[in-house]
Amino acid sequence: MISQVVISIVLTLFFSSFALAQLTHEQQAAKDKGLVLYNQSDWYDSQSLLRIAAEAGDRTAQYYLGEAIRLSNWHTTAEAKKWYEAAAEQGDLYSMLRISNKYDLCKYMGTCNEKSGTEWRKIALKVGRERAEKGDTEAMTVLYIARQGLGWLEKAADAGDSYAQNLLAKVYRDGGGWFLIPGNRKKAVERWFKASAEGGYITGVSNYALRLAHLPDDVGYSLDLVTAYGLTYLLSKLEGGGTAAEDGQRNLPKIAEKMNELEIQEGIAFAKEWEKTHPPLSYFDPIFGY
């Protein structure tokens, strides 16, 4: 049976408007930079920035700070758990699921709280369904992750959620879902990966750029060296973890070999304009994964 404390939390989640922290300009800037670094797999340098917003009460920063700490230590530490709980108490669904995760190494280190984990999962499903029915794509994705059906993830992708689109493409690629015509699976994978690339997914951007440059020409895209160079130029300038910057620096000369100086300058101009109109490039590390 859910404890009185947890019942109180449920009532707060349902009947309050989640009075979220109002960040100062400096705190918001730190959060934004921290999230960019986190999504580029820099789980160390992102922590100090995320901590600024987390300590100010921002639930998103609290969750990702917990994740950064957990990923850096390979298990849920006491500090990570503190931030998950702080975010969960403000209605963060991913934090609720993380606290209820049965497979974290904390289970073998004696730091898990199984009772509260069970209760938090019940709350996550209850609140998640309520929000999903109102069109919240994050809640839809959470319900899929909580094994409530692939249909929730498909709804989130159809609604334009870049993370859900990328996750759905991987699910289809790995054999999930059902297709009457076999060839439709491949089309769906390509469709959702392309859609997620438009949202700044690093791997999607890299693959798209190389194929625009015909390196290789295995998709049938028209040759577009300016766009290919511009996107690869952006990748080459990335900071944080991962190998995208190194790959971009290696591929940039291969594309430049086919271009004149004017085209290269046009490519750089394209990169700067693209950067203004698209979200920051991200590896789209699983919001709830690893």
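These legends walk through a few views of one predicted protein model.

**View 1. The whole chain is a helical protein model with zero strands.** Start here to get your bearings: the protein chain has 16 helices. Of its 290 residues, 47% are buried. The area that the chain exposes comes to about 15,100 Å², and carbon and sulfur atoms supply 54% of that area. Now think about contacts between residues with a separation of 6 or more: 60% of them join residues 24 or more positions apart.

**View 2. Tyr-38 meets Tyr-64 in an edge-to-face aromatic pair.** The model has five aromatic pairs, and this is one of them. The ring centres are 5.0 Å apart, with 70 degrees between the planes; an angle over 60 degrees counts as edge-to-face. Where do the two residues lie? Tyr-38 belongs to helix α2 (residues 25-39) and Tyr-64 to helix α4 (residues 59-73), so their pairing ties together parts that are 26 residues apart in sequence. Are Tyr-38 and Tyr-64 buried or exposed? Both are buried.

**View 3. Tyrosine rings join into a cluster.** Step back from the Tyr-38 and Tyr-64 pair to find its companions. Ring pairs link Tyr-38 and Tyr-64 with Tyr-63, Tyr-84 and Tyr-94 in this cluster.

**View 4. Lys-155 places its charged end over the ring of Trp-152.** Here the view turns to a charge and a ring. The charged end of Lys-155 is 4.7 Å from the centre of the Trp-152 ring.

How values were computed: Residues numbered from 1 in each chain as written. Predicted model: local features only at pLDDT ≥ 70, side-chain atom pairs only at ≥ 80, totals over all residues. Heavy atoms only, no water. Helix = DSSP H or I, 4+ residues; strand = E, 2+ residues; numbered from the N terminus. Buried < 20%, exposed > 50% of the residue type's maximum accessible area, 1.4 Å probe, protein only. Contact = heavy atoms within 4.5 Å. Areas by Shrake-Rupley, 256 points an atom, 1.4 Å probe, with all protein chains shown as cover. Phe/Tyr/Trp six-rings, centres within 6.5 Å; stacked < 30°, edge-to-face > 60°. Lys NZ or Arg CZ within 6 Å of the ring centre and 35° of its normal.
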